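Subject: Structure for you to look at, with notes

Dear colleague,

I am passing on the structure we spoke about, and my notes follow it. Please read them with the structure open beside you.

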Amino acid sequence: MSKMARRRARELALQGVYQWLLSGNSMTSVQKHLEADTENLDKVDRELFVSLLHGTLDNVESLQASFAKLIHRPVNELSPIEHAILLMGAHELRHNLETPYRVVINEAIELAKGFGGTDGHRFVNGVLDKLAANIRPEEVEAARAAKG
């Protein structure tokens, strides 16, 4: 799958998590709605989209718990878009180990730049960087050692 198909999958999954956070609709109805409304669905890495959407929404509480202690405000005070991006980023860091942590963080930053507020990408970067060090300490340490 192309990089663009994976980016589109993340964008679509983000829309789904965002919709779910705001509407409270079931994961199935959110997914059906997105798939029905998305043009060029064949240009989306559907496997990644479904795994991100389901993996994130099936584990919201544990994902929130993993980053709640890293932010300086209650989770319910996050903007819905930043909340959705952090949930997805936490899920990818925890479960998509074949994706390097820097790619997960970079993709989350791009989503925050595209859909979030002015400085949302900085906030997302800071939280996911700390979370990556907690979830994937060996990978983060190796990357820092190689850099310096």
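To begin with helix H3, which covers residues 46–58, its 13 residues reach 18 Å from the first C-alpha to the last, close to the 18 Å expected at 1.5 Å a residue. Please keep in mind throughout that this is a predicted model. The buried residues of H3 are Leu48, Phe49, Leu52, Leu53, Gly55, Thr56 and Leu57, and these buried residues pack against H1, helix H2 (27–37), helix H4 (60–68) and H5.

Of those partners, H5 is the one I would look at next. The axes of H3 and H5 come within 9 Å and cross at roughly 100 degrees, which makes H3 roughly perpendicular to H5, since angles of 65 to 115 degrees are counted that way. On the H3 side the residues that meet H5 are Ser51, Leu52, Gly55 and Thr56, and on the H5 side they are Leu87, Met88, His91 and Glu92. Sorted by class, this contact of H3 with H5 has 3 nonpolar, 4 polar and 1 charged residues.

Helix H5 itself, residues 80–95, has 16 residues and reaches 22 Å between its first and last C-alpha, close to the 22 Å expected at 1.5 Å a residue. H5 is mostly covered, with 13 of its 16 residues buried.

One residue of H5 deserves a separate paragraph, namely His91. Is His91 buried or exposed? Its relative accessibility is 5%, and because anything under 20% is taken as buried, His91 counts as buried. Leaving aside residues up to four places away in sequence, His91 touches Ser51, Leu52, Gly55, Thr56, Leu63 and Asn96. His91 and Val104 are 13 residues apart in sequence, while in space they are 9.7 Å apart, C-alpha to C-alpha.

Val104 leads on to helix H6, residues 101–115, since Val104 is one of the H6 residues in contact with H5. The axes of H5 and H6 come within 10 Å and cross at roughly 165 degrees, and that angle, being over 145 degrees, makes H5 roughly antiparallel to H6. The crossing in which H5 passes H6 is right-handed. From H5 the contact takes in Ile81, Ile85, Met88, Gly89, Glu92 and Leu93, and from H6 it takes in Tyr101, Val104, Ala108, Leu111, Ala112 and Phe115. By class, the contact of H5 with H6 has 10 nonpolar, 1 polar and 1 charged residues.

Finally, H6 also packs with helix H1 (residues 3–23), at an angle of about 60 degrees and with the two axes 11 Å apart, and H1 and H6 are therefore oblique to each other. Here too the crossing is described as right-handed, with H1 passing H6. The residues that make this contact are Arg7, Arg10, Glu11, Leu14 and Gln15 in H1, together with Glu107, Glu110, Leu111 and Phe115 in H6. By class, the contact of H1 with H6 has 3 nonpolar, 1 polar and 5 charged residues. When you look at H6, you will find Leu111 and Phe115 listed in its contact with H1 and also in its contact with H5.

With best wishes

How values were computed. Residues numbered from 1 in each chain as written. Predicted model: local features only at pLDDT ≥ 70, side-chain atom pairs only at ≥ 80, totals over all residues. Heavy atoms only, no water. Axes fitted to C-alpha atoms, helices over the stretch in contact; angles between N-to-C directions. Helix = DSSP H or I, 4+ residues; strand = E, 2+ residues; numbered from the N terminus. Parallel < 35°, antiparallel > 145°, perpendicular 65-115°, else oblique. Left-handed = near helix turned anticlockwise from the far one by under 90°. Contact = heavy atoms within 4.5 Å. Nonpolar A, V, L, I, M, F, W, Y, C, P; charged D, E, K, R; others polar. Buried < 20%, exposed > 50% of the residue type's maximum accessible area, 1.4 Å probe, protein only. Expected span 1.5 Å × (residues − 1).
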